Amino acid sequence: MSGLDDIIAAETRLSEVDGLNGRLVICGHSLDALAGQRSFESVLALLLPDVLSSSEEAVRAELAQARLRAFREVARLDTDLLSLSLTEALRALMARLPDGEDKSVALLQIAAPAAFVPALIRAKAGRKPIPPHTGRSHAADMLAMLTGDQPGEEHISALDTYLVTVSDHGLNASTFTARVVASTRAGYASAVLAALGALKGPLHGGAPGPVLDMLDAVATPDNATAWVAGEISRGERLMGFGHRIYRVRDPRADALKSALGRLSAVGGMDASRLALAEAVERAALAALRAAKPDRVLETNVEFFTALLLEALGFPRDAFTGVFAAGRVGGWVAHAHEQIQTGRLIRPQSRYVGPKAA
Ligand code: ACO
């Protein structure tokens with residue numbers, strides 16, 4: 001490959017992914033200073049300072065109102081939509097929202113996945129969706145809309161940590177997609193919808209569901225080494241491992257593993273599930289090191305995402321949608337940043353076809 005792979009497609013003040021040192025910086029803050037320390041709302045204020053209000057409380061109130069507005073679409077759920085996979089149903093609902101480049105569209109886009117995902121989970125299971133509540137934080141309300149109960153503090157904190165951890169991550173496939181669409185001046189809703197399509201794939205945001213399938217297949221810690229070896233020998237990819245940019249451990253995996261440790265310590269999750277995951281992680285890392293000695297394949301964010309979202313009660317087909325509820329902050333922020341440049345993204349391809357006669 002030529003240097004085409006290395007072309008810088010955007011300048012950003014939003015986040016820096018240092019793949020060699022395993023460091024993620026979001027708006028000048030290292031991930032470990034944000035995850036578990038700052039709320040999702042306060043990180044949104046960092047990502048979108050000239051779109052959203054500057055205080056955490058004001059963003060919380062704006063976002064709550066936007067959840068209410070988004071929830072109106074839930075009244076129009078129909079059986080055709082509910083027969084789709086959860087991510088496709090989310091995509092269909094998101095497609096109904098109005099487009100534009102103003103603040104109200106930006107807020108609606110940021111709020112909508114959090115309002116839609118719990119409603120879709122419930123409606124697909126034949127249960128009545130629960131409307132948002134303006135008195136709650138984004139993470140607390142997502143959990144309340146899922147279960148109908150007031151969530152415990154440890155669960156709220158775990159989901160908030162998750163949303164912050166995945167809120168932005170450089171020019172990943174979905175964020176690049178959002179920037180390309182925003183650069184055409186199509187509007188925030190079009191940018192987010194396209195980004196959601198990119199997120200859906202198993203090589204990006206579609207991996208955590210299959211991580212749980214893997215844990216179920218392994219079943220017990222002492223089975224991990226043999227199971228993993230079988231997969232590698234068949235040339236299968238182990239979901240939740242490897243990353244295009246990180247050549248060391250994904251720092252987001254550690255942020256989520258810490259959140260899981262805190263949840264487990266207060267009895268907020270099944271400790272044996274965490275022990276099984278740790279055994280699978282050890283076996284997978286050893287097998288990948290042996291099979292691909294020249295390629296560093298470490299645990300990525302999706303591995304512990306799977307455990308965390310499972311512990312919070314989200315079904316596995318909703319994991320990509322919950323990921324979208326966090327990453328949408330980054331998508332809208334990148335779309336906004338791209339719009340400010342006033343520049344269309346239009347890369348060149350390198351022609352390798354036959355020469356014209
Ligand atoms: N399990 C087994 N082998 C792997 C894995 C894996 N998880 N990841 C990479 N490899 C192997 C490849 O088969 C390839 O081997 P080869 O050279 O013999 O063909 C080699 O390592 C290099 O793989 P690439 O595809 O070049 O690595 P790339 O940087 O393109 O891929 C990716 C990154 C797509 C994430 C990959 O590691 C993967 O498929 N992982 C599993 C899916 C996953 O966890 N996705 C979530 C990513 S995190 C996120 O997007 C939020």
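How many strands form the open sheet, in what order do they lie, and is the pairing parallel or antiparallel? Keep that question in mind as you open the structure, which is a predicted model.

**First stop: the sheet**

Select residues 15-18, which are strand 1, and residues 29-30, which are strand 3, and then add residues 23-26, which are strand 2. You now have the answer on screen, for 3 strands form an open sheet in the order 1-2-3, and the pairing is antiparallel. Strand 1 and strand 3 stand at the edges with a single partner strand each, so one side of each is left without a neighbour in the sheet. In general, the strands of a sheet pair through backbone hydrogen bonds, in either a parallel or an antiparallel way.

Now look at how the strands are joined. Strand 1 and strand 2 run antiparallel and are linked by 4 bridges, and if you select E16 you can look for its bridge partner, V25, in strand 2. These two strands form a hairpin with 4 residues between them, and in the turn you will find G22, which has a positive phi of about 65°. Strand 2 also pairs with strand 3 in the antiparallel sense, here over 2 bridges, and I26 has H29 in strand 3 as its bridge partner. Strand 2 and strand 3 form a hairpin as well, with 2 residues between them, and C27 in the turn has a positive phi of about 50°.

**Second stop: I121**

Select residues 103-124, which make up helix 6, and pick out I121 within that helix. Is I121 buried or exposed? I121 has a relative accessible area of 14%, and because buried means under 20%, this residue counts as buried. Apart from neighbours within four places in sequence, I121 is in contact with L86, L146, F314, P315 and A318, so you may wish to show the side chains of these residues together. If you also select L276, you will have two residues that are 155 apart in sequence and 26 Å apart in space, C-alpha to C-alpha.

**Third stop: the ligand**

Finally, select the ligand and the 21 residues around it, of which R237, L238, R244, K292 and R295 come nearest. The residues of this shell divide into 10 nonpolar, 5 polar and 6 charged. Begin with L238, where a backbone N or O atom lies 2.7 Å from a nitrogen atom of the ligand, and go on to F241, where a polar backbone atom is 2.8 Å from a ligand nitrogen. At N300, a polar side-chain atom lies 2.9 Å from an oxygen atom of the ligand. Taken alone the ligand exposes 930 Å², and the protein buries 76% of that area.

Technical notes: Residues are numbered from 1 along each chain as its sequence is written. This is a predicted model: local features need pLDDT of at least 70, side-chain atom pairs count only at pLDDT 80 or more; totals for chains, interfaces and linings use all residues. Side-chain values use heavy atoms; hydrogens and water are left out. A residue is near a molecule or strand if one of its heavy atoms lies within 4 Å of it. A polar contact is a pair of N or O atoms within 3.5 Å; within protein, one must be able to donate a hydrogen and the other to accept it, and residues adjacent in sequence count only if both atoms are side-chain atoms. Accessible areas come from the Shrake-Rupley method with a 1.4 Å probe; for residues, only the protein chains shown count as cover. Ala, Val, Leu, Ile, Met, Phe, Trp, Tyr, Cys and Pro count as nonpolar, Asp, Glu, Lys and Arg as charged, and the others, Gly among them, as polar. Two strands pair if DSSP finds at least two bridges between them. Buried means under 20% relative accessible area, exposed over 50%, partly exposed in between (1.4 Å probe, protein chains only). Contact means heavy atoms within 4.5 Å.
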